[in-house]
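Colleague: Could you walk me through this model while I have it open on my screen? I'd like to start with the charged side chains.

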Amino acid sequence: MADTSRPARPAHPVVLGQNQYGKAENRVVRITRDGATHHIKDLNVSVALSGDMDEVHYSGSNASVLPTDTTKNTVYAFAKEHGIESAEQFGIHLARHFVTSQEAIHRARIRIEEYTWERIAHAGKGAHSFVRTGQETRLTQITYDGSSWEVVSGLKDLTVMNSTDSEFWGYVKDKYTTLPEAHDRILATEVSGRWRYDWTDDAQEMPDWDASYEQTKKHMLQAFAETYSLSLQQTLYQMGARIMENVGTIDEVRFSLPNKHHFLVDLEPFGLKNENEVYFAADRPYGLIEATVLREGSEARIPGDLTNL
């Protein structure tokens, strides 16, 4: 009698494509106690594993499957065993573990969001009071296949504005164009950026992840502030170029910059002249400017759609 306990592989020409599995959004907060002074690392960690997973899809056999609950437990155990020096270093520990400890796992991808806290100054004893800062969310994605690494870090939700030194004119006009040219406008955007490091091999010296993040953010913001902008595209390119010129460990950066439109309010019905003083901030629809800036000779590897990172 045929074994009907498991469904047979499909006989028709249907094959399994790319697949991965893991536990998403493991929220882990690690407190390091240095006497009365405490330090916080606050992460959201997602694990995706891939490898020899055909049978679990075709027949339902879990013989090669490390449970997603185990990947969750590993995140918390590693927070204790290894600590969290940086989001990148923590992701490297996890990716290496999953690939080297499980024969069926050939590739691990670790995505991490990091939320920052700053100390609250007070007259009491100890340094253990914090306020959550909301300037941006730090990001990293670690991918390891057993021999080579790819580290793509970045940030999102970083809102910036120049209240002048921005123009927009000389553009194509057709019968549907109503936008007036602007020779003095607000330029504002919410930066979503990713950058890829040149560190790919354990034999290479590993970057200082925290210092690199701070330097990258600093040069990005300086370029935004110092560029007299004739287009958001021009500003984007200058932000990427400034990073390439000053952070030698980064080969590629990609930005997604929504144009946070500010329109002058018509005050003439009230007998008032609006001299670039009062604006309406429109949240949608918005222009969306996206581009990659590369070090010469480097290959573009960051996906065009940042949501696919």
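Modeller: A salt bridge here is a side-chain nitrogen of Lys or Arg within 4 Å of a carboxyl oxygen of Asp or Glu. This is a predicted model, in which local features need pLDDT of at least 70, side-chain atom pairs count only at pLDDT 80 or more, and totals for chains, interfaces and linings use all residues. Residues are numbered from 1 along each chain as its sequence is written, and side-chain values use heavy atoms, with hydrogens and water left out.

Colleague: OK, which residue does Lys 260 form a salt bridge with?

Modeller: Lys 260 pairs with Glu 190, and their closest N and O atoms are 4.0 Å apart. The two come from distant parts of the chain, 70 residues apart, with Lys 260 in the loop between strand 9 and strand 10 (262-264) and Glu 190 in strand 8. Helices (H or I, at least four residues) and strands (E, at least two) are DSSP runs, numbered from the N terminus.

Colleague: And is Lys 260 buried or exposed?

Modeller: In between: Lys 260 is partly exposed, with a relative accessible area of 29%, and Glu 190 also counts as partly exposed, at 27%. The cut-offs are under 20% relative accessible area for buried and over 50% for exposed, with partly exposed in between (1.4 Å probe, protein chains only).

Colleague: How many salt bridges are there in the whole structure?

Modeller: The search finds 16. One of them joins the side chains of Lys 41 and Glu 114, at 3.2 Å from N to O. Lys 41 belongs to strand 2 and Glu 114 to strand 3, so this pair ties together parts that are 73 residues apart in sequence. Both Lys 41 and Glu 114 are buried, and they belong to a network of salt bridges that also links Glu 88, Arg 138 and Asp 210.

Colleague: Switching to the fold, what is the strand order in the open sheet?

Modeller: The sheet has eight strands in the order 1-2-3-6-7-8-9-12, with antiparallel pairing, where two strands pair if DSSP finds at least two bridges between them. Strand 1 (26-34) and strand 12 (288-294) stand at the edges with a single partner strand each, so one side of each is left without a neighbour in the sheet. From one strand to the next, the twist averages 20°.

Colleague: How many bridges join strand 8 to strand 9?

Modeller: Six bridges join strand 8 (residues 187-197) to strand 9 (residues 250-258), and the two run antiparallel. As an example from that pairing, Arg 196 has Glu 252 in strand 9 as its bridge partner.

Colleague: Which strands does helix 5 lie across?

Modeller: Helix 5 (residues 232-246) lies across strand 8, strand 9 and strand 12, and runs at about 155° to strand 9. Helix 3 (residues 87-101) lies across strand 2 (37-51), strand 3 (105-115), strand 6 (137-144) and strand 7 (149-162), at about 160° to strand 3. Axes are lines fitted to C-alpha atoms, for helices over the stretch in contact, and angles run from 0 to 180 degrees between N-to-C directions; contact means heavy atoms within 4.5 Å.

Colleague: What about Thr 143, what does it touch?

Modeller: Leaving out residues up to four places away in sequence, Thr 143 touches Arg 107, Ala 108, Arg 109, Ser 148, Trp 149 and Glu 150. Thr 143 lies in strand 6 and, at 9% relative accessibility, counts as buried.

Colleague: Any backbone geometry I should look at?

Modeller: As background, most residues other than glycine have a negative phi, and most peptide bonds are trans. In this model a cis peptide bond joins Arg 284 and Pro 285, with omega about -10°, and Pro 285 is in the loop between strand 11 (279-281) and strand 12. Arg 284 counts as exposed at 63% relative accessibility, and Arg 284 also forms a salt bridge with Asp 283, with the closest N and O atoms 3.6 Å apart.

Colleague: And which residues have a positive phi?

Modeller: Among them are Asp 157, with a phi of about 65° although it is not a glycine, and Asn 276, also not a glycine, at about 55°. Asp 157 is in strand 7 and is partly exposed at 36%, while Asn 276 lies in the loop between strand 10 and strand 11 and counts as partly exposed at 33%.
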